[in-house]
Amino acid sequence: MWLRTSCDLTFDIAVPTPFVLMLRPRSGAQQWIASEQYKLVPSVSVFEFTDNYGNLCQRLIAPPGAFGIHTAAEVMTSDHIDRAPGARFVEIQNLPESALIYLLPSRYCESDRFSQMANSITAGYPLGYDQVAAIETWLRNTIHYRPESSDIQISATEVNARGWGVCRDLAHLGISLCRSLSIPARMVVGYLHDLAPMDLHAWFEAYVADRWYTFDATQAQLHGGYVAIGYGRDAADVAVYNQFGPALSPREQRIRVQHIDEPGYAHGA
């Protein structure tokens with residue numbers, strides 16, 4: 001499946017404001033970035049770096065006045081989501097070092113508080129993928145998904161107590177439940193084709209059978225069309241923008257994901 005993703009953000013800047021952006025998807029096992037556009041209005045100097053999770057980040061100082069950010073990409077991604085019932089649990093001693101950090105509690109994922117609950121949800125399921133699938137189903141049936149309902153980030157314990165949330169909230173709770181079972185789990189932010197209402201999206205991945213698998217309790221049925229921008233322990237690691245100084249919110253934000261024909265130039269996979 002070929003998709004064209006785009007993100008347009010416009011801010012009204014009062015004083016010179018440092019930003020760290022995370023708006024460039026990178027090619028990997030699940031997606032190939034064939035082309036990109038990245039435009040800042042007005043144009044400013046940008047320094048790009050790779051953070052501790054492999055995400056492509058951009059540092060800049062936005063000048064006073066209207067400041068616009070436009071990014072777009074043509075992406076080849078899977079038209080289906082891999083499912084692997086029965087995929088095995090990976091013992092801690094056999095995990096790659098890069099996965100170990102995703103076993104630990106983090107700011108919004110207090111996994112040390114969910115052991116009893118996770119064991120209750122997954123009772124009777126084989127260790128590994130089937131446990132995560134049971135958690136995904138429990139989230140879908142128990143925590144009410146309310147897109148665009150909150151701009152305040154809350155933790156997994158608060159989501160569980162409240163019983164509803166946006167996509168990142170369901171992901172936080174799913175991650176916490178997985179980690180409490182010693183299954184590495186990480187937050188993903190990006191785009192999803194046919195998401196309604198259209199916006200940036202969040203889901204989680206769990207590590208079983210020596211690879212990462214996608215889980216998303218906000219969707220009644222998982223389908224292809226996911227494009228990842230960033231990975232991290234929780235939402236604190238995957239903000240598409242962080243600004244420093246007086247608090248800002250975009251005056252305008254527009255997200256688009258369109259199905260396109262395969263571009264007429266060479267690409268890799």
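## Whole chain, then valine 166

Half-buried is a fair start here: of the 269 residues in the protein chain, 50% count as buried. Keep in mind that this is a predicted model. The secondary structure comes to five helices and 14 strands. With a radius of gyration of 19 Å, close to the 18 Å the globule rule gives for 269 residues, the chain is as compact as a globular protein of that length.

Here are some whole-chain numbers side by side.

| Property of the protein chain | Value |
|---|---|
| Box filled by the C-alpha atoms, along the principal axes | roughly 60 × 45 × 35 Å |
| Exposed area | about 12500 Å² |
| Share of the exposed area from carbon and sulfur atoms | 49% |
| Distance between the centres of the positive and negative side chains | 4 Å |

On the charge side, the chain carries 20 positive and 28 negative side chains. As for contacts, take those with a separation of 6 or more: residues 24 or more positions apart account for 75% of them.

Now zoom in on valine 166. You'll find valine 166 in the loop between strand 8 (164-165) and helix 5 (167-180). Its relative accessibility is 7%, and buried means under 20%, so valine 166 counts as buried. What does valine 166 touch, leaving out residues up to four places away in sequence? The partners are Tyr145, Arg146, Pro147, Glu148, Ser149 and Ser150. Take glutamate 148 from that list: this residue and valine 166 are 18 residues apart along the chain, yet their C-alpha atoms are separated by 6.7 Å.

Terms used: Residues are numbered from 1 along each chain as its sequence is written. This is a predicted model: local features need pLDDT of at least 70, side-chain atom pairs count only at pLDDT 80 or more; totals for chains, interfaces and linings use all residues. Side-chain values use heavy atoms; hydrogens and water are left out. Helices (H or I, at least four residues) and strands (E, at least two) are DSSP runs, numbered from the N terminus. Buried means under 20% relative accessible area, exposed over 50%, partly exposed in between (1.4 Å probe, protein chains only). Contact means heavy atoms within 4.5 Å. The radius of gyration is taken over C-alpha atoms; the globule rule is 2.2 Å times the number of residues to the power 0.38. Accessible areas come from the Shrake-Rupley method with a 1.4 Å probe; for residues, only the protein chains shown count as cover. Lys and Arg count as positive and Asp and Glu as negative; His and the chain ends are not counted. The place of a charge is taken as NZ of Lys, CZ of Arg, CG of Asp or CD of Glu.
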